[in-house]
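Colleague: I would like to go through this model with you slowly, asking each time how a word is earned.

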Amino acid sequence: MKKSMYASLLILLIVFNHLTAYSQNKLTDKVNVFIGTGGHGHTFPHAMVPFGAVAVGPDWETQGWDAAGGYHYDAKNILGFSQVHLSGTGLIEGGDLLLMPTVGKIKVDPGTHENPDAGYRSRFSHTDEKATPGYYQVRLLDDNINAEMTATERVGFHKYTFPKSDKSHVLLDLVHHIKGGGSGVKQAYIQIKDTQTVTGYRVTSSVWAANRQLYFAIKFSKPFISNVIYDPRGLVFNKKKKFLWDMVDYSAPKIKTFFNFKTEENEEIMVKIAISSVSMKNALENLETEISHWNFTKIKKEASQKWEQQLHKIVVKATPDIEAKFYAALYHNNIHPTINHDVNGEYRGMDQEVHKTKDFTHYTMFSLWDTFRAAHPLFTIIHPERTKDIVSTMLNFQKENPRKMLPMWSMYQNENTCMIGLHALPVIADAYSKGLIKEDAKDLLKSMVISANQPGIDSTAHRNIYPSYYGQQHYLKKGYHPNDLVRTGVSVTLEHAYDDWAVALFSDKLGDKKTTDTFLKRAQSFNNVWDANSKFFRAKLNNEKFIEPFNPRAYHREDFHDRDYTEGNAWQYLWFVPHDVYGLADLLGGKKAMSKKLDKLFTLPEQDSKVGDVSGFIGDYAHGNEPCHHVAYLYNYVGQSHKTQKLIHQIDKEFYKAAPDGYIGNEDAGQMSAWYVFSALGFYPVNPAGGIYVFGSPLVEEATLNLENGKIFSVRVKNYGDKNIYIKSVQLNGQPYNEVWVKHEDIVRGGILEFTMCAKPTRWGKKSKPVPYANGKVN
């Protein structure tokens with residue numbers, strides 16, 4: 001852990017030594033943390049530090065699609081302040097350890113939106129609400145309590161300013177839980193150690209995290225004069241204001257506890273609450289190690305500084321609107337994955353046993369179907385050391401996983417496999433190609449092959465929930481996922497073919513020819529679901545016949561579970577061959593035919609998808625969902641780069657806003673934001689594991705990337721303006737540059753990428769060499 005700490009300190013010194021003149025203003029002041037909290041963005045304004053285990057802030061609801069992030073900008077009242085949340089996801093989970101300050105009669109029920117007076121909910125107003133990176137504040141209007149929050153990596157720090165009252169309370173609600181399907185609290189425990197110290201745990205179960213153990217420790221800045229332990233089954237302890245020392249602990253499936261105080265006007269009561277997946281002892285150690293004092297302002301300042309350090313990794317100059325969108329995006333790219341071990345290095349693994357990390361930071365919360373596309377490639381540029389730790393975490397995850405699989409969609413010692421693909425494979429391959437691994441390369445390749453070859457469980461009962469997990473045996477046998485055995489078999493086949501290519505990339509660089517040949521062959525499995533007549537990838541049955549009838553714009557055939565594609569249709573999944581784009585062009589009839597097909601995609605009459613985040617349409621292109629994110633860049637492969645350039649600006653204007661409803665769909669744990677960060681800089685990883693970035697059209701006038709290796713990479717734009725969206729010429733380090741792509745190594749060695757822009761399409765890019773599949777040939 002010391003080695004990692006010293007490396008982090010060196011990185012921070014490097015960042016601050018390379019600030020440009022225009023970066024001296026606080027970048028945290030440019031971050032609007034409310035962007036994405038409205039609409040269906042599912043982000044939150046909660047107080048946290050970059051990649052922190054706790055995200056402390058308000059919850060407005062426990063059920064429903066827009067409860068996923070805990071907070072929604074349209075809410076008029078809030079339930080209280082919980083400690084753990086998911087940012088931007090479609091999963092409904094979290095909301096752990098709710099605290100709520102109240103005054104007056106104790107209310108054990110939360111009340112409703114329509115009738116908050118029936119419970120401990122409180123109304124609030126955005127006019128008396130503030131949030132900046134690392135800090136959240138709101139006034140609870142019903143009881144006139146000002147609530148403030150900040151955080152360290154594992155500790156939430158609350159400050160409540162009470163009115164004068166003999167009946168001031170702080171509620172700890174262990175029943176409260178943001179609920180996905182089948183969610184529930186299995187067991188809770190509370191231990192009153194003294195009149196300022198409380199420890200306990202809660203075990204929850206849901207579709208997304210079947211067995212989640214969360215331990216906590218709480219410290220109050222002022223002794224409480226009494227407490228009430230409430231059991232919804234009807235048992236109430238300490239009704240009288242008398243502290244009963246023989247009732248210091250209590251266990252039940254559901255517990256709520258009130259801590260009672262007498263307060264003077266504007267008296268502050270502070271609460272520190274730490275979490276651990278291991279034990280109450282570890283939670284208390286986390287608390288005492290990270291915040292050993294009661295100086296709220298100091299922790300708030302330190303949290304802000306941690307955000308400042310991360311945001312300074314990319315400093316941009318642009319219009320105020322674009323700067324606001326850019327820094328909100330960069331902020332969201334520093335939330336997930338989250339730290340998963342205690343200050344002593346211990347964490348609970350996939351086997352539910354306690355393990356210890358010594359040489360790297362252990363992480364959780366991998367929404368890989370989303371983030372492998374751009375968020376993880378972005379990490380390789382701005383977080384190379386963190387990327388190494390992420391790869392090490394993934395290897396440990398597999399070793400501790402009874403199924404011996406690398407993570408797919410994992411959180412808190414659980415794998416829910418809710419999305420398709422084995423996308424830890426491209427993340428690992430990309431990191432290895434860029435020299436960003438700490439582990440033995442042969443061990444990593446072995447882990448990738450094991451995961452790629454792991455057969456699923458043949459279970460019809462689960463085919464509608466876990467398509468990748470339960471269908472791999474069919475893919476290994478037939479080269480595709482039969483749609484009568486595996487839901488969304490077309491998209492699963494396409495994504496597994498890409499993941500196989502990532503294994504081939506890794507093994508090729510390692511010099512393992514046998515493995516490379518095997519997985520290169522498997523990487524061509526997309527051909528097995530290609531229909532030459534319709535020129536689409538189509539669903540096949542186990543008898544190798546295509547399903548009829550076929551409608552390329554349909555999202556399902558008869559019901560929700562009767563789908564050929566995951567959150568998409570044939571038009572949107574037609575383009576998912578990022579490892580062989582030119583091979584796809586050949587299937588379509590050549591580059592001209594591919595160009596015409598792209599044109600049709602972007603000009604089809606818009607239709608309502610009625611599927612989750614399939615939104616943000618330009619024709620049948622849907623920017624609100626990840627499978628389309630690379631598609632606008634494909635014009636570079638067919639000699640029509642100007643069309644990509646125009647689309648990037650259109651997507652920016654139509655689907656990103658500096659407002660609460662600023663994302664067209666779920667922000668998805670950093671992926672929607674990573675698209676924006678890359679695109680604002682002027683390039684994007686069409687092939688996420690290739691180490692090649694394809695040009696778009698820059699949205700910023702200047703950008704300075706302060707790299708961890710001490711180098712600086714600058715993007716400069718001449719003739720910057722709203723109408724000048726087309727590239728006239730490009731220079732790399734002062735030399736004319738005609739390729740429509742740039743290599744990762746050109747960025748991380750430092751240098752200057754200069755775009756000269758104009759208002760009309762040009763022939764720039766026509767003389768470009770073909771876009772390589774990877775930095776080093778593997779096809």
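Modeller: Let us begin with a definition: buried means under 20% relative accessible area, exposed means over 50%, and partly exposed lies in between, with a 1.4 Å probe and protein chains only. This is a predicted model, in which local features need pLDDT of at least 70 and side-chain atom pairs count only at pLDDT 80 or more, while totals for chains, interfaces and linings use all residues. Residues are numbered from 1 along each chain as its sequence is written, and side-chain values use heavy atoms, with hydrogens and water left out.

Colleague: Why is Asn719 called partly exposed?

Modeller: Its relative accessible area is 46%, and partly exposed is the class between under 20% and over 50%, so Asn719 is partly exposed.

Colleague: What makes the phi of Asn719 worth a remark?

Modeller: Most residues other than glycine have a negative phi, whereas Asn719, which is not a glycine, has a positive phi of about 60°.

Colleague: How do you know that the span of helix H7 agrees with its number of residues?

Modeller: Helices are DSSP runs of H or I with at least four residues, and strands are runs of E with at least two, numbered from the N terminus. The expected span is 1.5 Å times one less than the number of residues, so the 17 residues of H7 (residues 384-400) should span 24 Å, and the end C-alpha atoms are 25 Å apart, which agrees.

Colleague: What makes H7 mostly covered?

Modeller: In H7, 15 of the 17 residues are buried.
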